[in-house]
Structure formats: structure tokens, C-alpha cells
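Here is a quick tour of one chain and its ligand, written for someone who likes to check things in a viewer. Pull up the model and follow along.

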Amino acid sequence: MDRVYFKINGKKYSAGGEFSVDTTLNEFIRRHADQRGTKYMCLEGGCGACVVSVRIPGAGGDEDSTFSVNSCLVAIMSCDNWDITTIEGIGDRKVGYNIIQRRLNHFFGSQCGYCSPGFLMSFYSLLHSSDGHLTEKDIENSFGSNLCRCTGYRPILEAFKSLAVDANPKVLQKIKDIEDIDQQICPKSGKNCRDSCSDKELQEWCLVNKNSKNILSVPKQMTLADGRLWFSANNIAEIFETLDKVGYDSYMLVAGNTSKGVRPIISYPKVLIDISNIKQLQSHYLDVNLVLGANMTLTETMLLFKELAESNEDFWYLQVLYNHLDRVAHIPVRNIGTLAGNLVLKNNHPDFQSDIFLLLDCAGAMVTLGKWISI
Ligand SMILES: Cc1cc2nc3c(=O)[nH]c(=O)nc-3n(C[C@H](O)[C@H](O)[C@H](O)COP(=O)(O)OP(=O)(O)OC[C@H]3O[C@@H](n4cnc5c(N)ncnc54)[C@H](O)[C@@H]3O)c2cc1C
Ligand code: FES
Ligand code: FES
């Protein structure tokens, strides 16, 4: 034997005398197979950035075995007969992302992304080696192999735990809702699929499942007596869809609509979009941070703060915020008045003495703005 033969993402390669003994699998993958998704950092098996998945076909009736390796440690010459899968081999924007890539994304488990291929390939290998029968505890225990310097481990762990056989049903429902919506969003434009791409574009970009179209309901639309248009959106995408159709010149979102009690609206815009039915904007979740939906009402926010302050000592300070919120406006306003409504009011009228702005600022909160990308 003068060469070793192996596959990387299904493609055949061989290596022989042209390489030195210290040529590693990592180097081969990156420099010779030209697949740069697999990273490296410590080059000593400590960080996990270089992890790839390996399948060795069963010999003599044995079953195939799948496992993860630190490619920075493996000599290329040891790879005879290996079937190696790197991050490029499990999914991408052209063929569609693998469920574990989507979950990491949905749980915000990646920031700079440098560690993500390693985490994903560690987990991918674990899933394959266990036929998918992993419990939350198994997954938690498997986390010693990878380091992340910027995201924090909780969202990564939660993303993978959502694939456990004993995963929390509430988390699964949330994920189902997100994935149903995401399937309709064009990865190129960020807008809902309009079925207007050329064949070439479809081949290159389109991930939308054509069979599952029409899941999004059509927003209700009314022409009011004063000629203004009123839409009722059922989800975030519909807000932007409506604005794309009617134009961005003169519009307003309507949540609790209580702000006009503070700053009267002299002249209404031409288009009003009711967002009070959008569940996505009214929910919250907990990863390393507490993430509040923009249109949670002040009452819902208070209840949540109280519950967390009592159940989780990391959130003791929410009791102080609760006590303050208890003095904001009064119960009927708090029951429909929302966080975003208050903050936008403050933004539009800087002289408005917003308690919500003050509280969130004191707590060091960050606001995430949604933006629609036009092509
Ligand atoms: C009697 C009274 C007393 C009050 N007392 C206090 C007080 O003591 N302290 C205090 O801080 N506040 C007080 N407020 C303000 C109150 O908190 C706000 O009116 C309320 O939070 C606004 O929320 P909303 O959902 O009703 O907003 P809306 O009136 O529906 O909307 C307000 C603005 O926000 C925009 N908007 C809403 N949601 C979004 C979104 N998701 N994305 C982008 N834009 C959005 C709308 O387009 C609109 O421009 C009081 C209000 C009243 C009526
Ligand atoms: S580069 Fe750090 S474990 Fe391989
Ligand atoms: S996402 Fe940056 S190191 Fe993990």
C-alpha cells in the first residue's frame, strides 16, 4: 500500500508520499480538500474547533461506527478507509440546513460562529452514534469537548437538548412554530417566498418547501370610512408583506393603542397595522438572558418578573422592577399597553418620561430591532 484512500463529504481522496508525517486531517481538509468550514485554534485537542465526524464501515459483519475526532490531532495517514463528514457535508444554504444547524440558529447558539462547526459536528456524531436516542442528561454530559468564547453555553446546550427524546414539550412547540414560518422565508431576500425566482436561482437558493405553501394566512384588510387602510397581521412576516404592498410612506403599527392617551395623534397615517394578535411578539424565553417579546403587555411583564424573582435567585432584581412597574399607569392601561409601545413613544417623543425606558436602561437591557431586507 503506497497510499491511503478516504472520503470527505462523499468525495474520494488519497494521500501518500507527498505529505509529511505531521500533516493532519485538519490541514488536509482545509488546504487540500479546500473545505474551510472546519476550524482550528489550539491545535492540541483542547478547543474542539476542529471536530469532524468519522464513519468507519463495518468489517466482518460489524456495524458501521460513527464518532467525532479532533482533526488537528489525526495524522492524514491514519485515515485509510475513513468516511469523513465535515460541516459542509451536513447541510448548507443550497441543499437546506440540517435540523441541528437550524436548532442552533433558532436558539441563538452562535455568535462569531467560530466554534459552531465543531459543536455541530460533535453533536452530529453523538446523534448518529446513538441512533438519535439521547436524553437531555446524555447531551449535557457530552459537552466537555468544545469551547465557546463568545455565545455562552446555555443556548448551545438548549439547542441540542431540544432534540433529546425527553425534550421539554413547550420548547418543541415553540420550535415547530418557528420552523413552520422559516420554511416560507426566502434565504436570499429575507422575505416571504413569492415564487418568482428563475430556475437558476431556485437551484442556488430556494429552500422553501413548495408543498407547504399557504400556511401563512392572509392578513385581514379593511378600508375605513375616512379612507384609511386597516390591516390585521397574524405574524411578523405579514407586517412587512403588507408594507411592501402598500408602501412605507405613511403607516403606524397598533399594539395596545394606549400611547395616544399620553401624546394625542393629531393626524393618523394612511395605513394602520394591528399587531395585537401576533403571538411571536407576546412571548418570552430564557437562555443566558431573559428575552422579552416586544409586545408583551406591562401586566404580563409584571407577572413574569414576579414569577422569575421568586423561582430563580439570579433574577432576584426583577422584584424591584416589578415594584416599580406596579406604579406605572394603572391596571387597565397596563393590561394592554406594551413594552415596545412605550419605548417607541419615548423614541418619538424624547420628553416623555418613560418608566419602561428607565427600568430597562437601569437593568442594562438591549433592544433588538427587526429589519426587512429589500432586494
Ligand atoms: C393613563 C396613562 C398613564 C400612563 N402612565 C405611564 C407611566 O406612569 N409611566 C410610563 O412609563 N408610561 C405610562 N404610560 C404610557 C404607557 O405605558 C404606554 O402608552 C403603553 O406602554 C404603550 O403601549 P401600546 O401597546 O399601547 O402602544 P401603542 O399605542 O399601540 O403604540 C405606540 C407606538 O409604538 C409603536 N409600536 C408598538 N409596538 C411596536 C413594535 N412591536 N414595533 C415597532 N413599533 C411599535 C406604534 O406604532 C406607535 O407608534 C401611560 C399611559 C396612559 C394612557
Ligand atoms: S484546534 Fe483545538 S482541538 Fe483541534
Ligand atoms: S460563537 Fe464565537 S466562539 Fe462560540
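Val54 has its bridge partner in S5, and that partner is Ile84. Keep in mind that this is a predicted model. The pair belongs to a set of three bridges that join S3 to strand S5, residues 83-85, with the two strands running antiparallel.

Zoom out a little and you get the whole sheet: five strands, open, in the order S2-S1-S5-S3-S4, with mixed pairing. Strand S2 (11-15) and strand S4 (65-70) each have a single partner strand, so these two stand at the edges and one side of each has no neighbour in the sheet. On average, neighbouring strands here are turned by 30° against each other, ignoring direction. Helix H3, covering residues 116-129, packs on this sheet and touches S3 and S4. The direction of H3 makes about 160° with that of S4.

Now for the ligand. Which residues are closest to ligand 1? They are Gly256, Gly261, Gly337, Gly341 and Val344, out of 27 residues that surround ligand 1. Strand S8 (251-254), helix H12 (339-348) and helix H13 (355-362) are the elements that give two or more residues to this shell. H12 has the largest share, with five residues. By residue type, the shell around ligand 1 splits into 15 nonpolar, 11 polar and one charged.

Two backbone oddities are worth a click. Both Asp34 and Asn257 have a positive phi without being glycine. Here they are side by side:

| Residue | Phi | Loop | Other C-beta atoms within 10 Å |
|---|---|---|---|
| Asp34 | near 60° | between helix H1 (25-32) and strand S3 (51-56) | 8 C-beta atoms |
| Asn257 | about 65° | between S8 and strand S9 (271-274) | 17 C-beta atoms |

Is Asp34 buried or exposed? With 8 other C-beta atoms within 10 Å, Asp34 is exposed, because the cut-off for that label is 12 or fewer. Asn257 has 17 such atoms and is partly exposed, since a residue needs 20 or more to be called buried.

Finally, the chain as a whole. Its secondary structure comes to 13 helices and 11 strands. Of the 375 residues, 28% are buried. How many of the contacts between residues at least 6 apart in sequence join residues at least 24 apart? The share is 60%.

Methods
Residues are numbered from 1 along each chain as its sequence is written. Chains are lettered from A and ligands numbered from 1 in the order in which they are written. This is a predicted model: local features need pLDDT of at least 70, side-chain atom pairs count only at pLDDT 80 or more; totals for chains, interfaces and linings use all residues. A residue is near a molecule or strand if its C-beta atom, placed from the backbone, lies within 6 Å of it. Helices (H or I, at least four residues) and strands (E, at least two) are DSSP runs, numbered from the N terminus. Ala, Val, Leu, Ile, Met, Phe, Trp, Tyr, Cys and Pro count as nonpolar, Asp, Glu, Lys and Arg as charged, and the others, Gly among them, as polar. Two residues are in contact if their C-beta atoms, placed from the backbone, lie within 7 Å. Two strands pair if DSSP finds at least two bridges between them. Axes are lines fitted to C-alpha atoms, for helices over the stretch in contact, and angles run from 0 to 180 degrees between N-to-C directions.
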